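User: Please take a close look at one strand of this model, and describe how it is placed and what it pairs with. A single connected account would suit me better than a list.

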Amino acid sequence: MKFFIDTANLNDIAEAQALGILDGVTTNPSLMAKEGITGKENILNHYKAICDIVDGDVSAEVIATDFEGMVKEGNELANLHSQIVVKLPMIANGVKACKYFSDKGIRTNVTLVFSAGQALLAAKAGATYVSPFLGRLDDISTDGLSLISDIRLIYDNYGFKTQILAASVRHSMHVINCAKIGSDVMTGPLSSIVGLLKHPLTDSGLAKFLEDYKKVNQ
Ligand code: E4P
């Protein structure tokens, strides 16, 4: 399973990259705003800065909701850097734009996906990634993981190549459960990744090893 980090924070991205397990980054307009990145030029420069830190795919979301605007913005984003993946919302124009970009060989990530039907449309439009929002479904007492399982089943039935990118991951158990049900990718905050490291028996075991070493190697 690929690990993406879901943030526009350069320090968090660099920390995950330094672990050596990072496969890419996803951003969205809210995450850019959270880092105080405003204005078109600053936003484009920030995407370039992210691409300079990581080796993998970096999803950059269009703001336009009309087809022509999505195509214009998406082309601009794709031309920015070879690592950029054009992120498009799951609306009718987003599906059309996805088909347009996939026909041109430009990679896409269809975002804000909350149903299997939406995921089927994204795959038919040739999306590189589809982003079902796990955490936001869990937030409203709906089983986000079962949506991912349904998408897995549908994609496998027909051999769709679109990669399932479990988004809105909130914690490490989401990561583990996504891996169990065969999600291709997960994107979550740094805490969901570093949380996988932690186990008290690892810490106490290491402390004991070091103590025993010291006893005989004074
Ligand atoms: C997906 O690409 C989105 O950026 C993201 O995962 C949304 O997560 P949230 O529900 O925690 O905002």
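Analyst: In this predicted model, strand S5, residues 108–113, is largely enclosed by the rest of the structure, because 5 of its 6 residues are buried. Burial here rests on a count of neighbours, a residue being called buried if 20 or more other C-beta atoms lie within 10 Å of its own. For the chain as a whole, 36% of the 218 residues count as buried.

S5 has strand partners that can be taken in turn. With strand S4, residues 84–89, S5 pairs in the parallel sense over 4 bridges, and within this pairing Lys87 stands opposite Asn109 of S5. Between these two strands the chain passes from S4 through helix H5, residues 92–103, to S5, and the resulting β-α-β crossover is right-handed. With strand S6, residues 129–132, S5 also runs parallel, joined to that strand by 3 bridges; here Val110 has Val130 in S6 as its bridge partner. Helix H6, residues 116–124, belongs to this second connection, since S5, H6 and S6 make a β-α-β unit that is right-handed.

The ligand offers another view of this region. Thr111 is one of the residues that surround the ligand, and the others include Ser131, Phe133, Gly135 and Arg136, as well as Asp6, Thr26 and Asn28. By class, the shell consists of 7 polar, 2 charged and 2 nonpolar residues.

A parallel description can be given for strand S1, residues 2–6, which is largely enclosed by the rest of the structure because 4 of its 5 residues are buried. S1 pairs in the parallel sense with strand S8, residues 185–188, over 4 bridges, where Phe3 stands opposite Met186. S1 also pairs in the parallel sense with strand S2, residues 24–26, over 3 bridges, with Gly24 of S2 as the bridge partner of Phe4. Together with helix H1, residues 10–19, S1 and S2 form a right-handed β-α-β unit.

These strands belong to a chain whose secondary structure comes to 11 helices and 8 strands, and whose C-alpha trace spans about 70 × 40 × 30 Å along its principal axes. Among contacts in the chain with a separation of 6 or more, 53% are between residues 24 or more positions apart. As to confidence, the mean pLDDT of the chain is 98, with 100% of its residues at 70 or more, and the predictor gives the complex an ipTM of 0.96 and a pTM of 0.96.

Conventions. Residues numbered from 1 in each chain as written. Predicted model: local features only at pLDDT ≥ 70, side-chain atom pairs only at ≥ 80, totals over all residues. Buried ≥ 20, exposed ≤ 12 C-beta atoms within 10 Å, placed from the backbone. Pairing = 2+ DSSP bridges. Right-handed = clockwise from strand over helix to strand, strands pointing away. Contact = placed C-beta atoms within 7 Å. pLDDT = per-residue confidence, 0-100. Near = placed C-beta within 6 Å. Nonpolar A, V, L, I, M, F, W, Y, C, P; charged D, E, K, R; others polar.
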